[in-house]
Amino acid sequence: MVNMSKVVAIVSSPRAKGSSAALVNSVIDGAMGLSTNIIVLHSLHTMLIHGCNACGLCKIKGECTMEDEMTKVLADIRDADGLIISTPVYFNGPCAQYKMFEDRLFSFMAADGSVTLPPGKKAVIIVTCSGPTDGAEAVYNHIADIMKFFGVEIIGKIVYSDENGKNPASGNDKIMSDAKELGKLFRTNYREYDPHYTMTRQSKS
């Protein structure tokens, strides 16, 4: 079991009280418990952030040089032991805020294409949608591939549909409980650690 001390959560949805945020908060609740974890939450919709402008300076200086609030997010990710990454599905893809975040991960690549992000990080990925989960699964697979490219181990996922708003995650006790249990995988004292935990759920009304 890898000791963890810093878990960084990314909420990219512009809906502060939507299913993505609710599930992230529940995972955080599980990650805290009686552990010694430090939790850092970044809600991208409240931040002044920009997409990558392809200036290439990160290949010279070793870090993103853009002066916005995303630089703090990137710094926290570099130092993190655990990551909670979330996005809703918009037009069969991740939301714009997530895409800006993902593009800025380019700064963790050296000029020769090698990865500069310190290894050993663990991640939980959360993807929410309103319709069938097929598109959300595709978004999850894309994010998982990006994380794996950067050497991040995926320890769990949640893919959730609120059925066009009829069953938001916040009102679904089962999925909220599942998310909290998933968060326990980040605890250093959690004995039931399972590196292959997954949760895919399209709720039934």
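How are α1 and α6 oriented to each other? I began with this pair, working on a predicted model, and found that the axes of α1 and helix α6 (residues 173-183) come within 6 Å and cross at roughly 45°. Angles under 35 degrees would count as roughly parallel and 65 to 115 as roughly perpendicular, and α1 and α6 are therefore oblique to each other. I also noted the hand of the crossing, which is right-handed where α1 passes α6.

I then listed the residues that make this contact: α1 brings Ala22, Leu23, Ser26, Val27, Asp29, Gly30 and Ala31, while α6 brings Ile175, Met176, Ala179, Lys180 and Gly183. Sorted by class, the residues of the contact of α1 with α6 are seven nonpolar, three polar and two charged.

Next entry, the second helix pair. I looked up helix α3 (residues 70-79) and helix α4 (residues 96-104), whose axes come within 11 Å and cross at roughly 60°. With 65 to 115 degrees set aside for roughly perpendicular, α3 and α4 are therefore oblique to each other. The crossing in which α3 passes α4 is right-handed. On the α3 side I found Met70, Thr71, Val73, Leu74 and Ile77, which meet Met100, Phe101 and Arg104 in α4. The residues of this contact of α3 with α4 comprise six nonpolar, one polar and one charged.

Next entry, the largest pocket. I recorded a volume of about 160 Å³ for the largest pocket, and its lining consists of Ser13, Arg15, Gly18, Ser19, Ser20, Pro88, Val89, Tyr90, Thr128, Cys129, Ser130 and Asp162. When I asked which elements give two or more residues to that lining, I arrived at α1 (19-32), β3 (82-90) and β5 (122-129). The largest share, three residues, comes from β3. By class, I entered the lining of the largest pocket as four nonpolar, six polar and two charged residues.

Next entry, the enclosed spaces. How many cavities of 30 Å³ or more does the structure hold? I found two of them, and I took each in turn.

The largest cavity contains about 100 Å³ of space. I noted 14 residues in the lining of the largest cavity, and those that lie nearest its centre are Cys52, Asn53, Cys55, Cys58 and Cys64. Its lining has eight nonpolar, four polar and two charged residues.

For the second largest cavity I wrote down about 50 Å³ of space. The residues that line the second largest cavity are Ile77, Leu83, Ile85, Phe101, Leu105, Phe108, Leu117, Met147, Phe150 and Val152. What classes make up this lining? I found 10 nonpolar residues, with no polar and no charged residue in the lining of the second largest cavity.

Last entry, a cross-check between lists. I found Ile77 and Phe101 in the lining of the second largest cavity, and both names also appear in the contact of helices noted above, Ile77 in α3 and Phe101 in α4. I likewise went back to α1, which is among the elements that give two or more residues to the lining of the largest pocket and which crosses α6 at roughly 45°.

Conventions: Residues numbered from 1 in each chain as written. Predicted model: local features only at pLDDT ≥ 70, side-chain atom pairs only at ≥ 80, totals over all residues. Heavy atoms only, no water. Axes fitted to C-alpha atoms, helices over the stretch in contact; angles between N-to-C directions. Helix = DSSP H or I, 4+ residues; strand = E, 2+ residues; numbered from the N terminus. Parallel < 35°, antiparallel > 145°, perpendicular 65-115°, else oblique. Left-handed = near helix turned anticlockwise from the far one by under 90°. Contact = heavy atoms within 4.5 Å. Nonpolar A, V, L, I, M, F, W, Y, C, P; charged D, E, K, R; others polar. 1 Å grid on protein atoms, 1.4 Å probe; cavity = no way out; pocket = protein on both sides within 12 Å on 5 of 7 lines; lining within 4 Å. Points joined across faces, edges and corners; volume = space filled by probe spheres on them.
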